[in-house]
Amino acid sequence: MFSGNHKISSRQLYRNYATAFISLGALLPPLVMNREHTGSLILALLFSGAVLAGTAVIPRPDSRMVRWLCYVQYWVIGTMLVRLTGMLIRMFLLTDTALWIIMGWFCLFCYYNLYKGLECRFRVSEVLFPFFLCLLLLLTVLMYGEVEGSRLLELRLTFGKKNWILGYELFCWFSAVQSLWHLRGQTRGGSSFSRTVFAVWLTGAAAVAGFGLFSYCIYGNAGHTGLVYPIASAMTLAHFPGNVIGRLDAMFIFAWIIGLFLLCSSLFAPLVDGEPDARSKWFLLGLVALAFAAANVPRCVEWGRMLLYDVLTPVQLLLLLWHSMKGSGRKKAAAAVCLLCALLLNGCSSQELEQQSLVTAIGVDEGMNGKFHLTFGFGTADEDGEEPFETDSRSLQDAKETYWEYFQKNMDFNHLKNFYFSGTVLDQEGFDRLLEEIQIDGAYSRGTLVHVTEGTAGEQAEKEEQPEEGMPIHRVLNAWYNGESCDIPLITADGRYKGQAAWP
């Protein structure tokens, strides 16, 4: 495969697939890391460990039909990840760029990595792995001020029917690293391959548990319910000392995309099994182009999940189980039992992102008839810029719909910096429903800052310049959720940032 001697080193194998597992660990587990579903992570990791143990001892399939059944699974996962990665980039980095353009460039670079990587043993993964780990570690360390370890005392583990089903679905996504099976025999020595597979699983399990606990210590019980990308939202809270860089979520997304890029490359790589020639490279180009076309279908992820959960993963498990029955040996028998347990079970959600007008601040004042007077600022003072939008509404969602009726545009909250609440709103009936809406709607980053105003909150939201310091909204949500009090920074009637307002 990857060179004239058809071998790949164990180190390169480990770095490529460990990166893949870490990237999946940031994408998936935090979505279910709350009080009800914590046990699902453990089950998913156990299922993955059982299957990877099987791939370490069961020979790779010789039948071309069997191998192509496995290749279909890798292609489907890779196609779904292309779309999810494109959505991730557009949500946090290129908000004004069409999704198909982002995915087009991503697929193009994936193909180039494959085209060259198949000739040089995927050296790209080997070079980027240390940078990938160091950057993630740095960003995590810079989050120390937002992590509350005492929240782990509230952690609950449940293993009900819902946990087993969700654990199976997570495992289906983790099965992306099962393409390791097709590299068995292409490292020097079988024992070396087995150790590498175990090291990949150990690293992935540590990453999955680490990302899950990390987000739990920031958001608390159900604190990130509804967030599309909880870890990325958490990174909006990180700062370099001295505020050299205000927001680090862009750097985290950059590192994350590197991991997803290498993962997609490794999923498409088995499709050219052997030394690539001109014909196989054109064939690979066609498959990547087909993945790009499928990823442009809005329901791509939904259809892919159905195939992955109900057809492809069970078929893959059956194939592993069938091949484990060949020959004899205690290791193969143990692997067959593990796979059979996993087979007795039968992705994670994503949300379609839309291009929207950029909202930088929201002011909430007391309105008429029990409603809120909401002011949406767009961060511009230019004559040609968008004027602030004001409306009386009972919820942010109703205000968004009203805005659409007037301007035929959707509001984009990815650049939202500040919430301003007037002092009278804090005690208004229905304010808790507004907080609940902010909590469960993934459009609002937990790093958005909160201020209380003595004057009109809408006047602060209309300003072009927004403050860079304040209390993150997640602290207010956690205090409200846990029935505790918190002190929110106060803006006086004359516009000074002075003092704090206790709430409730």
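**Notes on the predicted model**

1. Arg-496 counts as partly exposed, at 44% relative accessibility. (Under 20% relative accessible area is buried, over 50% is exposed, and partly exposed is in between, using a 1.4 Å probe and protein chains only.) Its partner is Asp-494: the two form a salt bridge, with the closest N and O atoms 3.1 Å apart. Asp-494 itself is exposed, with a relative accessible area of 55%. A salt bridge here is a side-chain nitrogen of Lys or Arg within 4 Å of a carboxyl oxygen of Asp or Glu.

2. Before going on, some ground rules. This is a predicted model, where local features need pLDDT of at least 70 and side-chain atom pairs count only at pLDDT 80 or more, while totals for chains, interfaces and linings use all residues. Residues are numbered from 1 along each chain as its sequence is written, and side-chain values use heavy atoms, leaving out hydrogens and water.

3. The structure holds 2 salt bridges. Besides the Asp-494 one, there is Arg-299 with Glu-302, whose side chains meet at 2.9 Å, N to O. Both ends are partly exposed: Arg-299 at 42% relative accessibility and Glu-302 at 34%.

4. Now the overall picture. The chain has 504 residues, and 56% of them count as buried. Its secondary structure comes to 16 helices and 10 strands; these are DSSP runs numbered from the N terminus, with helices being H or I of at least four residues and strands E of at least two. About 21500 Å² is exposed, with carbon and sulfur atoms supplying 60% of that (Shrake-Rupley areas with a 1.4 Å probe; for residues, only the protein chains shown count as cover).

5. On to the packing. The largest nonpolar core has 95 residues, and those touching the most other members are Leu-81, Phe-174, Phe-252, Ile-253, Trp-256 and Leu-263. Helix α3 (residues 64–92) gives the most to this core, namely 16 residues. A second, separate core of 35 residues includes Val-359, Tyr-444, Leu-477 and Trp-503. (A nonpolar core means buried Ala, Val, Leu, Ile, Met, Phe, Trp, Tyr and Cys residues joined through side-chain atoms within 4.5 Å.)

6. Helix α2 (residues 38–57) is worth a look. Its 20 residues reach 30 Å from first C-alpha to last, close to the 28 Å expected at 1.5 Å a residue; the expected span is 1.5 Å times one less than the number of residues. Since 17 of the 20 residues of α2 are buried, the helix is largely enclosed by the rest of the structure.

7. What covers helix α14 (431–440)? Its buried residues are Phe-431, Leu-434, Leu-435, Glu-437, Ile-438 and Gln-439, and their cover includes β2 (361–366), β3 (372–377), α13 (396–407), β6 (418–422), α16 (473–482) and β10 (497–503).

8. Thr-391 sits in strand β4 (residues 389–393) and is buried, with a relative accessible area of 12%. Leaving aside neighbours within four places in sequence, Thr-391 is in contact (heavy atoms within 4.5 Å) with Phe-372, His-373, Leu-374, Ala-399 and Thr-402.

9. One backbone oddity to check on screen: Asn-369 has a positive phi of about 55° although it is not a glycine. Asn-369 lies in the loop between β2 and β3 and is exposed, with a relative accessible area of 67%.
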